[in-house]
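Me: Please take a close look at the aromatic pairs in this model. Which rings pair, and how are they arranged?

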Amino acid sequence: NFFPAPHSFHGMFFNLALLCMASLAHSRSAFSSARTRGGHLRVMAQGERAARSHEVRLCSRRSAMGAGTLGALSLGARPSLAAKRRDPVNRPDLLPKGEMTPLIDVTGMLSKSQEKLVKNMIMTLEKDTGIKLRVLCQTYPDTPGLAIADYWGVDPDTVVLVADPELTGNLLNFNVGENIDLQVPRNYWGRVSGKFGAKTYWQKEGADTAVVNAIGAIDSCVRQVDLGVRGACAPGSIKATDSAMVM
């Protein structure tokens, strides 16, 4: 049985990782879905009776964290690179002290003013829409890893953005909660990662600019979805802002 029991999160990091990377399955049903607390299997199909190839994803939020970062198994990572084995990391000592913060910058990627800007955007977005955006700037293996799950209380309404220039070849990687997956197009996160996380972009503009511009784009997309704007988060809607240039 490859799928974990409801409470069997730990000790299954790499089995779940392999399942996350793979999978084309055939199904005759138009749509079916099965979930567990540790991971979820989605089979989505188009057409009524024709048998077609469908994507099957099993993503355990905690399995990704246990591998050192959520980014390794995220929507923004390329499978060939993301599948590279990473030793588990669980370092609560790298978590910020005091009150919970939605931004953890282990590497000093952002300036103090950028941190303030990002935190304000994240908290305002959560207040207005209920969607919890969390940002982790790291360079593996210098990361809290699994510890961020409990620290942030990661749930189906949470999007975790991991910014790591070394992990997958792309700076930006996402772990997206199930509820958000039902609202925001699934390919949106890959488009954000492809634009702002591409090495040609962040090496030219700076990793800090890439992170803040990505957050600005996500903020705009989520707000449009919340307002019921037709075509929200569509291709072409991802644009850079001037906010990232705050020093």
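Reply: The aromatic pairs come next, followed by two backbone features.

This is a predicted model, in which local features need pLDDT of at least 70, side-chain atom pairs count only at pLDDT 80 or more, and totals for chains, interfaces and linings use all residues. Residues are numbered from 1 along each chain as its sequence is written, and side-chain values use heavy atoms, with hydrogens and water left out.

A pair of aromatic rings is described by the distance of the centres and the angle of the planes. Rings of Phe, Tyr and Trp (its six-membered ring) pair if their centres lie within 6.5 Å; planes under 30 degrees apart are stacked, over 60 edge-to-face, and the rest tilted. Searching the whole structure gives four aromatic pairs. One of them joins Tyr188 and Trp189 edge-to-face, with 5.4 Å centre to centre and 80° between the planes. Tyr188 counts as buried because its relative accessibility is 1% (buried is under 20% relative accessible area, exposed over 50%, partly exposed in between, with a 1.4 Å probe and protein chains only). Trp189, at 0%, is buried as well. Phe196 and Tyr201 also pair edge-to-face, at 5.4 Å centre to centre and 75° between the planes, and both residues are buried. Phe174 joins Tyr188 and Trp189 in one aromatic cluster.

As for the backbone, Tyr140 and Pro141 are linked by a cis peptide bond with omega of about 10°. Pro141 sits in the loop between strand S6 (132-137) and helix H5 (147-152); helices (H or I, at least four residues) and strands (E, at least two) are DSSP runs, numbered from the N terminus. Cys233, in the segment after helix H9 (207-227), has a positive phi of about 65° although it is not a glycine. Cys233 counts as buried, since its relative accessibility is 1%.
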